[in-house]
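This report concerns nonpolar packing and a helix pair in the model shown below.

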Amino acid sequence: MTAALQEMSDGALVVAIARYREDALAEAYRRHAGAVFALARRVLADLTTAEEVVQEVFLRLWTQPDKFDSDRGSLRSYLLAQTHGRAVDLLRSDGSRRRREEREARQTAEAGYDLEHEVWDLTVAEKVKEVVAVLPAAERRAIELAYFGGHTYREVATLLGEPEGTVKSRIRAGLQRMRSALSSSDLGDSGEIAWN
């Protein structure tokens with residue numbers, strides 16, 4: 001590094017950087033990197049990320065030296081402002097990412113819970129269909145009208161042209177067969193099927 005560079009003002013250094021003089025960038029780095037790193041480390045509280053910010057700030061000075069305006073302040077003030085802005089952006093980005101990950105983890109956990117219950121409900125429904133299908137026809141028809149059709153026992157009796165007492169007996173007998181069949185299945189062992 002030449003003695004001339006060490007004696008240059010910051011404004012002259014930036015002009016030299018704009019002319020792609022790497023030694024000018026090295027001189028600017030020598031003068032200000034310590035302050036830039038200290039600020040980045042203080043804001044971020046992380047050594048590695050602070051080093052990355054220092055690299056970004058000086059890379060930006062190299063690629064966009066025209067952004068520095070000596071009339072608005074010193075080169076050090078400009079670099080520190082860039083450092084502070086970038087460090088705050090990283091903190092905000094990290095906070096947003098963390099909140100997004102927590103929200104996604106919560107949704108995944110809730111979705112898993114619902115999925116488990118949905119699978120259980122589908123399994124029970126399939127088994128109930130199988131058990132209803134093998135009931136005697138008179139019992140199956142009475143149960144279908146009462147439980148799946150939403151009719152009262154009296155309405156079922158009218159629809160089937162049978163006495164109400166006969167319909168109730170058929171429904172009771174059919175439900176007992178269903179209970180027995182479901183209780184002996186894998187579903188009955190879990191105790192989650194309510195018989196009320």
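In this predicted model, Phe58 touches Leu25, Ala28, Tyr29, His32, Ala33, Val36 and Leu79, leaving aside residues up to four places away in sequence; contact means heavy atoms within 4.5 Å. Residues are numbered from 1 along each chain as its sequence is written, and side-chain values use heavy atoms, without hydrogens and water. Local features need pLDDT (the predictor's confidence in each residue, from 0 to 100) of at least 70, side-chain atom pairs count only at pLDDT 80 or more, and totals for chains, interfaces and linings use all residues.

Phe58, Leu61, Leu75 and Leu79 have the most contacts inside the largest nonpolar core, which has 23 residues. Such a core is a set of buried (under 20% relative accessible area, 1.4 Å probe, protein chains only) Ala, Val, Leu, Ile, Met, Phe, Trp, Tyr and Cys residues joined through side-chain atoms within 4.5 Å. At least two residues of this core come from each helix tabulated here; helices are DSSP runs (H or I, at least four residues) numbered from the N terminus.

| Helix | Residues |
|---|---|
| α2 | 10–18 |
| α3 | 22–44 |
| α4 | 47–63 |
| α5 | 75–133 |

The largest share, 7 residues, is supplied by α3. Another core, of 16 residues, lies apart from this one and includes Val128, Leu145, Ala146 and Val156.

In α7, Tyr153, Arg154, Val156, Ala157 and Leu160 meet Glu164, Val167, Lys168 and Ile171 of α8.

The mean pLDDT of the chain is 88, with 92% of its residues at 70 or more.

Methods
Buried means under 20% relative accessible area, exposed over 50%, partly exposed in between (1.4 Å probe, protein chains only).
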